[in-house]
Amino acid sequence: MYRRIQQPLHLLASRISRHCPRQRIRPFTSRSRRALDDDSSSAAAWKIAIVGSGPSGCYTGKYLLKSDAMANSQIDVLDRLPTPYGLVRNGVAPDHPEVKSVHHDFDSLFMKDGNEDNGQNLLNFYGNVTVGTDISLEELREIYDVVVLAYGCESVRPYDFIQNSKLEGILSAREFVSWYNGHVDYEWVGPLVEKALKRGSGQQQVVVIGHGNVALDCARILAKTREELDPTDIAARSLNIIDQQNRREISVIGRRGHVQAAFTIKEARELTRLDDANFVVRKDELDMGRTEASKQEINAARPRKRMEKLLTDAAAATSAMKNNTDDDDSQKKAAEVHLRFLLNPTSFETKDGSSLSHVTCERTRLVGDAGSQSAEGTGEMETIEAQLALVSIGYKGVAIPGTEEWYDDKRGILKNTHGLIEGSKEDLGGLYVSGWLKRGPSGIIGTNITDAKDTVASILHALKSSSPVDPKEGWKSIDETLKEKGINPVNWDGYRRIDAEERSPSRKRSELQPREKICSREEQLKAAFSS
Amino acid sequence: MFSNRLRQTASRIAPRLHQKSSSSPSAAAIAKRWHGGPHVAADAPTITVTFLQPDETKKEVAARIGESFLQVAHRNDIDLEGACEGVCACSTCHLIFPMDVYDALEYPEEDEEDMLDMAFGLTESSRLGCQVLISEEMDGIMVEMPKATRNFYVDGHVPQPH
Ligand SMILES: Cc1cc2nc3c(=O)[nH]c(=O)nc-3n(C[C@H](O)[C@H](O)[C@H](O)COP(=O)(O)OP(=O)(O)OC[C@H]3O[C@@H](n4cnc5c(N)ncnc54)[C@H](O)[C@@H]3O)c2cc1C
């Protein structure tokens with residue numbers, strides 16, 4: 001699979017050094033000297049590209065670096081954004097800073113000033129490079145011995161099965177989340193959210209469709225007060241729009257029952273701890289969901305038992321609250337989050353012909369065996385008023401140009417065996433996949449660890465029986481190739497300049513805010529290339 | 001009743017780490033990677049604990065009394081992740097304790113239980129390594145890191161096509 005022509009390491013190094021910045025030459029560290037002297041155990045000078053700098057790209061890099069076989073290698077991480085870490089920056093909710101702190105671990109993997117000469121192998125960052133557009137996959141595979149695709153999920157599962165899904169006021173959760181997290185491509189979402197919320201006179205109503213953690217993130221962010229959001233890294237552009245001015249009612253709806261819901265208990269519990277929002281769970285909906293099969297599902301797994309208790313308690317609290325507040329308006333809180341079950345959204349409705357006014361849902365019932373119950377329509381309809389709807393039924397991976405033949409459209413993944421993409425062209429570098437693009441959009445950040453280790457094991461296994469690609473006549477390094485194309489990558493130092501500006505006190509709302517993100521690509525690039 | 005008493009004694013000998021998420025650390029703190037957990041002096045008395053690693057190899061290390069299991073692992077280059085840096089916000093430092101040791105520990109708090117619910121390979125005696133501190137009584141114990149699914153492709157097993 002790999003061409004087997006051994007090239008003396010120092011020759012290769014001098015070749016690379018002509019075109020690469022100083023930091024990228026590795027063969028002169030003490031570790032590689034030793035490797036050169038003792039050629040039987042010398043680690044080869046592999047060149048590896050990782051496409052995507054989210055958790056899966058970073059963990060793949062981390063576990064490659066840990067292998068002795070990589071002691072002399074060059075590992076480059078490319079991302080289409082000028083900033084690294086994927087959904088850690090653009091997905092994980094701003095009020096989960098402790099989840100975002102994983103970026104410290106990732107920071108330590110990358111090349112930085114003063115870190116070059118301690119013999120420690122590090123990753124190189126190439127931000128602002130879109131693979132498939134700026135540089136083709138085939139070109140990458142000419143440059144590198146191994147290319148790992150870890151570019152996550154750039155799209156969502158289609159929701160046009162719900163009628164009128166193009167009405168104004170309907171967004172995917174991915175669009176909404178990217179916007180409140182300051183993703184540079186989602187500025188356009190702001191005016192739409194603002195307009196929708198303004199249409200709710202007196203009371204703003206939002207429907208979130210889906211029962212995963214992303215749906216609960218959206219609901220929670222919408223239910224929090226300015227005081228709760230102020231110390232987070234939520235972008236100012238979004239905070240000013242989300243800020244509660246009116247009463248707000250947020251309904252999170254899903255087709256199946258509470259026992260089948262995909263959200264986890266930490267996120268559900270957070271809804272019970274909001275400063276100025278009530279968490280509403282209906283006892284009758286929990287009862288409807290407790291089929292014999294559901295009871296088996298509850299008993300089979302500890303997380304289900306604990307969730308059952310949490311929601312049962314929440315339903316009891318809801319009834320108690322209702323008795324207290326029915327005749328006392330002053331006890332009402334600014335927001336209410338209704339977690340609704342066994343409701344299937346069938347169509348979005350409009351009164352003015354262009355913007356959303358309500359969502360029509362059909363009541364469902366559960367049918368089938370434990371572990372595979374599905375929702376069946378009962379014919380009973382319910383409408384929920386809403387000016388804004390966020391559809392949160394799943395992120396979805398896409399095929400970038402050059403990957404079409406391995407793309408599984410149903411799952412939104414690239415077909416692979418333990419990360420190896422089989423049947424890719426023999427005369428090019430090996431092709432692998434890691435993370436959400438490998439297994440689909442599920443699991444937590446930690447899930448990408450075992451997943452990355454699995455891909456790394458496949459890579460190391462394959463490399464054991466091959467040698468680095470002998471650069472062909474006219475071979476060009478990544479730096480040269482990008483330069484020729486007029487693409488200016490953001491390297492690690494460039495990213496650190498963006499990072500420093502975002503953290504500077506003059507940008508932040510308060511000392512507590514970790515950073516005020518730069519939300520436009522142009523401004524990020526300006527910061528990255530300033531010196 | 002008996003086990004209850006045991007728990008009470010245990011809570012004295014095996015204090016829990018109460019740590020809430022902190023706000024974002026300074027730039028200096030970032031440069032020097034920061035790990036959550038108590039500061040325990042390098043010359044603190046130690047005991048011996050063994051980590052049974054996912055590849056079934058054992059690693060016996062000196063653990064300072066008062067440190068968390070996560071800190072012990074990191075100091076000894078054991079691949080226990082701790083993605084949230086020891087503040088009970090992920091489940092990557094999941095460890096499986098011997099049942100008698102688990103029983104002797106103070107009950108985990110709700111937040112830890114919530115994170116354990118997301119842990120891969122949860123068992124009856126699972127805890128988060130960042131939430132359990134080393135105590136004298138633990139000398140000689142072995143804790144197990146959950147096994148990852150094996151990469152049969154590499155290990156020689158031919159996967160079934162599907
Ligand atoms: C809204 C949301 C909230 C979440 N909250 C949590 C949480 O609280 N706790 C938790 O544990 N997990 C959470 N997760 C899950 C976690 O974020 C994922 O498990 C993880 O990010 C997946 O990693 P990945 O690297 O596969 O993909 P990603 O993180 O999406 O990274 C993919 C990277 O590839 C880049 N890319 C895309 N296309 C290209 C291209 N053509 N060329 C170059 N680069 C490209 C992207 O810019 C991105 O940086 C959340 C997920 C979402 C969606």
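This passage looks at the fold of chain B and then at the cysteines of chains A and B. The model is predicted, and the values below are computed from it.

Chain B is a mix of helices and strands: six of the former and five of the latter. Going along the sequence, two helices come before a pair of strands, and the order then runs helix, strand, helix, helix, strand, strand, helix. In short, the pattern reads α-α-β-β-α-β-α-α-β-β-α. Many of the contacts in chain B reach far along the sequence: of those between residues at least 6 apart, 66% link residues at least 24 apart. As for burial, 46% of the 162 residues in chain B are tucked away as buried. The surface that chain B does expose comes to about 8,400 Å², and carbon and sulfur atoms account for 53% of that area.

Turning to the cysteines, a search over all chains turns up zero disulfides. A:Cys519 is one of the unpaired ones, and the nearest cysteine sulfur, in A:Cys218, sits 17 Å away. A:Cys519 also counts as buried, at 14% relative accessibility.

In chain B, the cysteine of interest is B:Cys130. The closest cysteine sulfur to that of B:Cys130 belongs to B:Cys93, at 3.9 Å. A disulfide calls for sulfur atoms within 2.5 Å, so the separation of B:Cys130 and B:Cys93 is too far for a bond. B:Cys130 is buried as well, with a relative accessible area of 3%.

Note on methods: Residues are numbered from 1 along each chain as its sequence is written. Chains are lettered from A and ligands numbered from 1 in the order in which they are written. This is a predicted model: local features need pLDDT of at least 70, side-chain atom pairs count only at pLDDT 80 or more; totals for chains, interfaces and linings use all residues. Side-chain values use heavy atoms; hydrogens and water are left out. Helices (H or I, at least four residues) and strands (E, at least two) are DSSP runs, numbered from the N terminus. Buried means under 20% relative accessible area, exposed over 50%, partly exposed in between (1.4 Å probe, protein chains only). Contact means heavy atoms within 4.5 Å. Accessible areas come from the Shrake-Rupley method with a 1.4 Å probe; for residues, only the protein chains shown count as cover.
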